[in-house]
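Colleague: I am new to this structure and would be grateful for a close look at a single part of it. Please choose a sheet and follow it strand by strand, together with whatever surrounds it.

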Amino acid sequence: MITDWFETRDPRFGGLILGNVHVERLWTGARWAEGPVYVPAGKYLLFSDIPNDRVLRFDETDGAVSVFESPCGYQNGHSLDPEGRVLACEHGGRRVSRREHDGTVTVVSDRIDGKRLNSPNDVVARSDGSVWFTDPAYGIDSDYEGHRSEPEVGGCHLYRADPSGAVAAVARDFVRPNGLAFSLDERQFYVSDTGATHVEDGPRHIRVFDVAADGRSLAGGRVFATCEAGLFDGFRLDRLGNLWTSAADGVHCYGPDGTLIGKIRVPEVVSNVEFGGPKRNRLYITATQSLYAVYLKVNGARRFGRD
Ligand code: MG
């Protein structure tokens, strides 16, 4: 069944969406919107406009959008750590940073074995305080989304920063690792690969790994889903374990078994999504020039064992 906004591929999708809602375009004016993170304490959403080197803030209380920070080091992906602090991937500084509650910024990682990272793209924290991030080279390929420079690390890898500060690669067999998320029990880890941007017939899929019992390493890495429209960039999980991911024609929703169960149609290429609102039942969607949102029947995944 296809309605204006939703395309149902599996009956399960009907239980996740509402019948009388619209996909709202909340704001437009970005060059490439990305990196949405909802900050519950402030009732706002931060998101990146990477080529314009700025982070924007959508105020959920009155709908206003304003500049949160500019220049911002060409920030891309964001998420919250277990203490509610905002983690940021910075193309310009080639680092992952954390904004402390007093507003100061702490470097989480900018080097591996003495070499500068490429340009961290997306980040997520685990309840043990570790910070996991992808490091493709999009931010150093040109001057558009960062500063053109030479890679120092021999590849585009997935990293884990330990709470102690130690950083280690946890997977090296990607072309361009990108979005990432843990399963609800944090025992599985999903990572997208957008390598098709640089390699003909390259990867355009999401892989799923098993997380070791000590939470420090990964095994497996089979393909969970392959994108049928464009690329999977960023994504999030809902409370039932369904995966809501960006794609060229909107947001694709996959069941925990890897079945494409439905889509939200969006009129611009989608880069990333984030659950927000006080009830975490509003899906924010960054899509090329604009920010969209839609209310869902399902709520976003609990984070770090709490709402
Ligand atoms: Mg990304």
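Modeller: Two strands are said to pair if DSSP finds at least two bridges between them. The strands themselves are DSSP runs of E covering at least two residues, just as helices are runs of H or I covering at least four, and the numbering starts at the N terminus. The model is predicted: local features need pLDDT of at least 70 and side-chain atom pairs count only at pLDDT 80 or more, while totals for chains, interfaces and linings use all residues. Residues are numbered from 1 along each chain as its sequence is written, and side-chain values use heavy atoms, with hydrogens and water left out.

The part I have chosen is an open sheet of 4 strands, ordered β2-β27-β26-β25, whose pairing is antiparallel. Its edges are formed by β2 (24–28) and β25, and because each of these has a single partner strand, one side of each lacks a neighbour in the sheet. On average, neighbouring strands here are turned by 25° against each other, direction ignored; the axes are lines fitted to C-alpha atoms, for helices over the stretch in contact, and angles between N-to-C directions run from 0 to 180 degrees. β2 is joined to β27 by 4 bridges in the antiparallel sense, and within this pairing Arg25 has Tyr292 of β27 as its bridge partner.

Several of these strands also contribute to the largest nonpolar core, a set of 22 residues. A core of this kind consists of buried Ala, Val, Leu, Ile, Met, Phe, Trp, Tyr and Cys residues joined through side-chain atoms within 4.5 Å; buried means under 20% relative accessible area, exposed over 50%, and partly exposed in between (1.4 Å probe, protein chains only). Trp244, Val251, Ile264, Leu283, Ile285, Val294 and Leu296 touch the most other members. At least two residues of the core come from each of β23 (250–254), β24 (260–265), β25 (272–276), β26 (282–287) and β27 (290–295). The greatest share is that of β26, which gives 3 residues.

Ile285 deserves separate mention. Leaving out residues up to four places away in sequence, Ile285 touches Val251, Val266, Val270, Asn272, Val273, Ser290, Leu291, Tyr292 and Val294, where contact means heavy atoms within 4.5 Å. Tyr292 therefore appears in two roles, as a neighbour of Ile285 and as the bridge partner of Arg25.

The stretch of chain leading to the edge strand β2 may be followed next. Asp10 belongs to the loop between β1 (6–8) and β2. Its relative accessible area is 15%, so Asp10 counts as buried. A polar atom of the Asp10 side chain lies 2.8 Å from the backbone nitrogen of Arg12. This is a polar contact, that is, a pair of N or O atoms within 3.5 Å; within protein, one must be able to donate a hydrogen and the other to accept it, and residues adjacent in sequence count only if both atoms are side-chain atoms. With residues up to four places away set aside, Asp10 touches Thr259 and Ile261.

For orientation, a second sheet may be set beside this one. It is also open, with 4 strands in the order β13-β14-β15-β16 and antiparallel pairing. There, β13 (123–125) and β16 (167–171) stand at the edges with a single partner strand each, so one side of each is without a neighbour in the sheet. Within it, β14 (residues 131–134) and β15 (residues 158–161) are joined by 4 bridges, and Trp132 stands opposite Arg160 in β15.
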